[in-house]
Amino acid sequence: MTRFPAALKTWRSARRYSQLDLAGLADISARHLSFLETGRARPSRDMVLRLGRALALPMAAQNQMLGDAGFAPHFASRDWSDADMAPIRQAVQHMLGAHAPFPALAFDRLWTIQQMNPAAQALYGMLGVATGDSLLDLLMSPAVPQVIENWPEVAAHTAHRLRLESLAAGHIAAFDPVITHLEAASGPPPAARHPVIPTVLRLGDLRLSLFATLSQFGTPEDVTLEDIKIELYFPLDDATEAYFAAP
C-alpha cells in the first residue's frame, strides 16, 4: 500500500473538511473518497491533482502527494539562479529598484534573502545580514532584542505569521524553533496606536520606524516561485522618511 491514503486523510483533517465536503469540492462521490482514504481504491495521477486543487495544497505538497501515490512530480522546482528564472529575477529587481529610496527585498520559503535593493543592503548590513542569509537566523540572534525597540510586539506578530505559513504548507519544521523562541519573547497585544505594528529600530542615535507590505506572484507554476515573497518597507514617521530620502 502507498502512503497516499494517510496523506490524503491528514490533509483533509488539516483543512477541516468532512469526506462529504471534500468529495463535493473535488466533484467525486463520497464513497470513492472513502475508498481512496482506506486504500481500497488507488488514485490516478489526475485524481491526485484534482484532490490537491480541492484541498488548496501548495505545489510542493501536491508533488509530495503524487510521490506518495507512486507518481512523478507535476510541478518543477527550479533554482532561483536557473536560466528560466531570469525574467522573474529581472521583474523582482525592477520592483525592488522602483521602491527606492526605501528598503525592499525578496526571500524564499525558508526566509532566505534572494535579492535586496541598495537601501535594504545598507539597513540589513547594520545587522550583519546580506543576500543569501536567512532571516530566521536573524530572528534567533540575541542582538535583535537590543536593536528592535518594540521587540515583544514584533516577536508576537512574527511568530503568528510563521505559524500561519507553516500551517498553510502542511508544516515547515525549520520554523518550529523560531516560533518557540519568538513566543517566549512575546508581550501582550499593544494598545491600538497605528493601523499596523511597525518595526522600530534603535541603532545608536538612529531611530527608524518601518512597516512592510508583502507581494507574491499571482500565477506561479514552479515550487520555488510559489514561495517567493517580496517585502517592501515604508516609513511610519517623518524622521524615518527623511533618513532614507537623504542623499
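**Close-up views of a predicted chain**

**View 1. The largest nonpolar core centres on contacts made by Tyr124 and Leu162.** This core holds 34 residues, and Tyr124 and Leu162 touch the most other members. The model is predicted. Helix α10 spans residues 151-169 and gives the most to this core: six residues.

**View 2. Leu162 and its contacts beyond the local sequence.** Neighbours within four places in sequence are set aside here. Leu162 is then in contact with Trp111, Leu136 and Leu139. Its other contacts are Phe175, Val178, Ile179 and Leu182.

**View 3. A second core, separate from the largest one.** This core has 23 residues. Among them are Phe4, Ala7, Phe35 and Leu55.

**View 4. Secondary structure and extent of the chain.** The chain carries 13 helices and five strands. Along the principal axes, its C-alpha atoms fill a box of roughly 70 × 45 × 30 Å. How much of the contact set joins residues at least 24 apart in sequence? The share is 57%, counted among contacts between residues at least 6 apart.

**View 5. Burial and accessible surface.** Of the 247 residues, 43% count as buried. The accessible surface of the chain comes to about 12,900 Å². Carbon and sulfur atoms account for 56% of that surface.

**View 6. Placement of charge.** The chain has 20 positive and 25 negative charges. The mean position of the positive charges lies 12 Å from that of the negative charges.

Definitions and conventions. Residues numbered from 1 in each chain as written. Predicted model: local features only at pLDDT ≥ 70, side-chain atom pairs only at ≥ 80, totals over all residues. Heavy atoms only, no water. Helix = DSSP H or I, 4+ residues; strand = E, 2+ residues; numbered from the N terminus. Buried < 20%, exposed > 50% of the residue type's maximum accessible area, 1.4 Å probe, protein only. Contact = heavy atoms within 4.5 Å. Areas by Shrake-Rupley, 256 points an atom, 1.4 Å probe, with all protein chains shown as cover. Lys, Arg positive; Asp, Glu negative; His and termini not counted. Charge placed at Lys NZ, Arg CZ, Asp CG, Glu CD. Core = buried A, V, L, I, M, F, W, Y, C linked by side-chain atoms within 4.5 Å.
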